[in-house]
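Please look through the model below with these notes beside you. They take one residue to start with, then a pocket, then the cores.

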Amino acid sequence: MWTYPAGSIRGTWNRPECLTRLSQRFQDDGNMSRCYSTGRPRVTTPNEDRYLAVTAKRNRRSTASDLSRQLSSATGTRVSRQTVYRRLGHIVLYARRPVRCVPLTATHCRQQLAWSREYTFWTPQQWSCVMFSYESRFSLQSDSRRTFIWKAPGTRYHQENTIERHRYGGAGWLVWGGIILGSRTDLHVQSVTMTGHIYRDVILEQHVRLFRGAMGAEFLFMDDNARPHRANIVDECLQSEDITRMDWPAYSPDLNPIEHVWDMLGRRITARQPPPTCLPELRRALLDEWCNIPQDQIDNLILSMPRRCKAYIASSGRHTPY
């Protein structure tokens, strides 16, 4: 006659069939410890796992529920969303938000590639004479970005993992700023759309012209190819003020370091406590945070231009990690 160890009879051990097995095992080898179990059998076969992987890669915007239904329709095997996540995780494929990028045509890629090859060997001294400028829009509304895709690590900027989309609208402020090595312009904030007259009378006359006068003939002004920037009255103003405009390829925000400054500004606005709840508060926050951005971070972005050019060359003029 034998007895169970103290405290061992609890939970599933109280079931008669469990006690019978333990009693027989103790009589056979004197051991009543539980045997190793391999766990629940896998629901899917290796072929079904490969089917999930191929389907996810073909349509990267499919949800786990979509993939589960497609697997059930194709093979008759029904699995849960969690099983789909685990199977794709085994091949290092995870649900992540896609990168939002501007639409690029073959012409845009050729122009950006040619520009990058021309300026890739510029020295820091040459880049220090360039003022990078651009407009951006900040609003109280934001994109929820609830769409996910199946993406492997290190493939964030691959073409199949990006969404080409223009900026979102909504009530907010249009801002303009310029950065140069060691300095920056004041932030211009307006509620209306930028026009050629505003660009000439406010941006060029009140901001850019001052830097041109301080730096001399080596000064280069970078702006994009937006219609207000290329108006005849703007070209005439640049000629009269002897401001040299830098050639710039269209649709190339990855090349412009001020885009990262806008990102820093947006993060600072979001981190404010309490956050802006109306347009006047948003305007004050933009002006304050623009001045609080450390200048050394802006300088590092400008000095990254050689790396940006090399990244464009490596990607054949398409989207880059910048």
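1. Thr-75 counts as partly exposed because its relative accessibility is 37%, which falls between the cut-offs of 20% and 50%. Bear in mind that this is a predicted model.

2. Find Thr-75 in helix H3. Its side chain has two polar partners to check. A polar atom of that side chain lies 2.8 Å from the backbone oxygen of Leu-71. A polar atom of the Thr-75 side chain also lies 3.3 Å from the backbone nitrogen of Thr-77.

3. Now look along the chain. Thr-44 and Thr-75 are 31 residues apart in sequence, and their C-alpha atoms are separated by 9.9 Å.

4. Helix H3 (64–75) also helps to line the second largest pocket, supplying at least two residues, as do helix H4 (81–90) and strand E4 (149–151). The space in this pocket is about 150 Å³. Its lining has 13 residues, and Ser-62, Thr-63, Ala-64, Tyr-85 and Phe-148 are the closest to the centre. By class, six lining residues are nonpolar, four are polar and three are charged.

5. Turn to the largest nonpolar core, which has 34 residues. Trp-115, Trp-127 and Phe-132 are among those with the most contacts inside it. Several elements supply at least two residues each, including helix H5 (106–119) and strand E3 (130–139). Helix H9 gives the most, with six residues.

6. What does Trp-115 touch beyond four places away in sequence? Its contacts include Trp-127, Met-246, Pro-249 and Cys-309. A second, separate core has 17 residues, among them Leu-174, Ile-180, Val-202 and Phe-211.

Conventions:
Residues are numbered from 1 along each chain as its sequence is written. This is a predicted model: local features need pLDDT of at least 70, side-chain atom pairs count only at pLDDT 80 or more; totals for chains, interfaces and linings use all residues. Side-chain values use heavy atoms; hydrogens and water are left out. A nonpolar core is a set of buried Ala, Val, Leu, Ile, Met, Phe, Trp, Tyr and Cys residues joined through side-chain atoms within 4.5 Å. Buried means under 20% relative accessible area, exposed over 50%, partly exposed in between (1.4 Å probe, protein chains only). Helices (H or I, at least four residues) and strands (E, at least two) are DSSP runs, numbered from the N terminus. Contact means heavy atoms within 4.5 Å. On a 1 Å grid over the protein atoms alone, a cavity is a set of points where a 1.4 Å probe fits but cannot get out, and a pocket is an open set with protein on both sides within 12 Å along at least five of seven lines; lining residues have an atom within 4 Å of a point. Grid points are joined across faces, edges and corners, and a volume is the space filled by probe spheres set on the points. Ala, Val, Leu, Ile, Met, Phe, Trp, Tyr, Cys and Pro count as nonpolar, Asp, Glu, Lys and Arg as charged, and the others, Gly among them, as polar. A polar contact is a pair of N or O atoms within 3.5 Å; within protein, one must be able to donate a hydrogen and the other to accept it, and residues adjacent in sequence count only if both atoms are side-chain atoms.
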